[in-house]
Amino acid sequence: MTRISVKDQYYTLVNIFETSPEHQNRLIEIWQSLGPADERGGLVSVNAHLSHDGNSVISYIQWRDKAAWEGILSDPGRQERFKEVLTFATFDSIHCEVVHTQRNPQLGDSTIEISEQQDVFTVVEVARTRSKFQQDELLAVVTQPNLVLDTTPGYISHSVHRDFEGEAVVSYSQWESQEAYDAFRADRDARPAALDGVDLREYTLRIAYVTEATTV
């Protein structure tokens, strides 16, 4: 299973594909056709998620470093598959690193994991920032330990990611159910001032495909 940790310092891609319900599974099939992560040097893991509304697919991909990711760009097979994807989906990629993690202490182990065997409700929030300064302001707020979450029913974990270009902050959170997340949202305090003027997009997802390298 995939591990999300600040100390690993992986080069992380959050890829957002906007598509339609009839094409969601085709994206998963394309990722599966690429084979195990061990067959691509420097690739740590690929984690593909389907949105509940059928209109998005988000992949959470970890590379050992930026050079490893750049090494795959010239692969002709990848280029052909990407051309096919663009016939039925639009694409946006956020290049980032993990800067904060938190997991419900009542669950014991503090390690955040992604696995196909998990029956979890996943939420990805993408906050688009207009400058590095605005990104830093938002990060100063969302990377503080949230003690309220530790006692929130149904909360499992969340991680915060910093886009290298200063253009986004991404949160990846896990919940026991949609009902638990909806109850948390209903009780959430007012929108933080650091989000003023920030375009915030939320995706609710389920895990569809995971592959990871046995050695990194």
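Which residues line the largest cavity? Keep that in mind as you go through the stops below.

**Before you start**

This is a predicted model, where local features need pLDDT of at least 70, side-chain atom pairs count only at pLDDT 80 or more, and totals for chains, interfaces and linings use all residues. Residues are numbered from 1 along each chain as its sequence is written, and side-chain values use heavy atoms, leaving out hydrogens and water.

**Stop 1: strand β8**

Select residues 155-163, strand β8. Helices (H or I, at least four residues) and strands (E, at least two) are DSSP runs, numbered from the N terminus. Nine of the nine residues in β8 are buried. Buried means under 20% relative accessible area; exposed is over 50%, and partly exposed lies in between (1.4 Å probe, protein chains only).

**Stop 2: the neighbours of β8**

Add residues 90-103, strand β5. Seven bridges join β5 to β8, and the two run antiparallel. Two strands pair if DSSP finds at least two bridges between them. Find Q102; H158 in β8 stands opposite.

Now add residues 168-175, strand β9. β9 is also antiparallel to β8, with seven bridges joining them. Here S157 faces Q174 of β9 across the pairing, standing opposite. In a regular strand the side chains alternate between the two faces of the sheet.

Zoom in on the turn. β8 and β9 make a hairpin with four residues between them. Click G166 in that turn: its phi is positive, about 75°.

**Stop 3: the cavity**

Stay with β9 and show V170, S171 and Y172. Then add V14, H49, I58, Y60 and V124. Together these residues line the largest cavity. On a 1 Å grid over the protein atoms alone, a cavity is a set of points where a 1.4 Å probe fits but cannot get out; lining residues have an atom within 4 Å of a point.

The structure holds one cavity of 30 Å³ or more. The largest holds about 40 Å³ of space. Volume here is the space filled by probe spheres set on the points, with grid points joined across faces, edges and corners.

β9 gives the most to the lining, three residues. β4 (56-63) and β9 each supply at least two. Colour the lining by type: six nonpolar, two polar and no charged. Ala, Val, Leu, Ile, Met, Phe, Trp, Tyr, Cys and Pro count as nonpolar, Asp, Glu, Lys and Arg as charged, and the others, Gly among them, as polar.

**Stop 4: S20**

Select S20, in the loop between β2 (11-18) and α1 (21-33). Is S20 buried or exposed? S20 counts as buried because its relative accessibility is 18%.

How values were computed. 1 Å grid on protein atoms, 1.4 Å probe; cavity = no way out; pocket = protein on both sides within 12 Å on 5 of 7 lines; lining within 4 Å.
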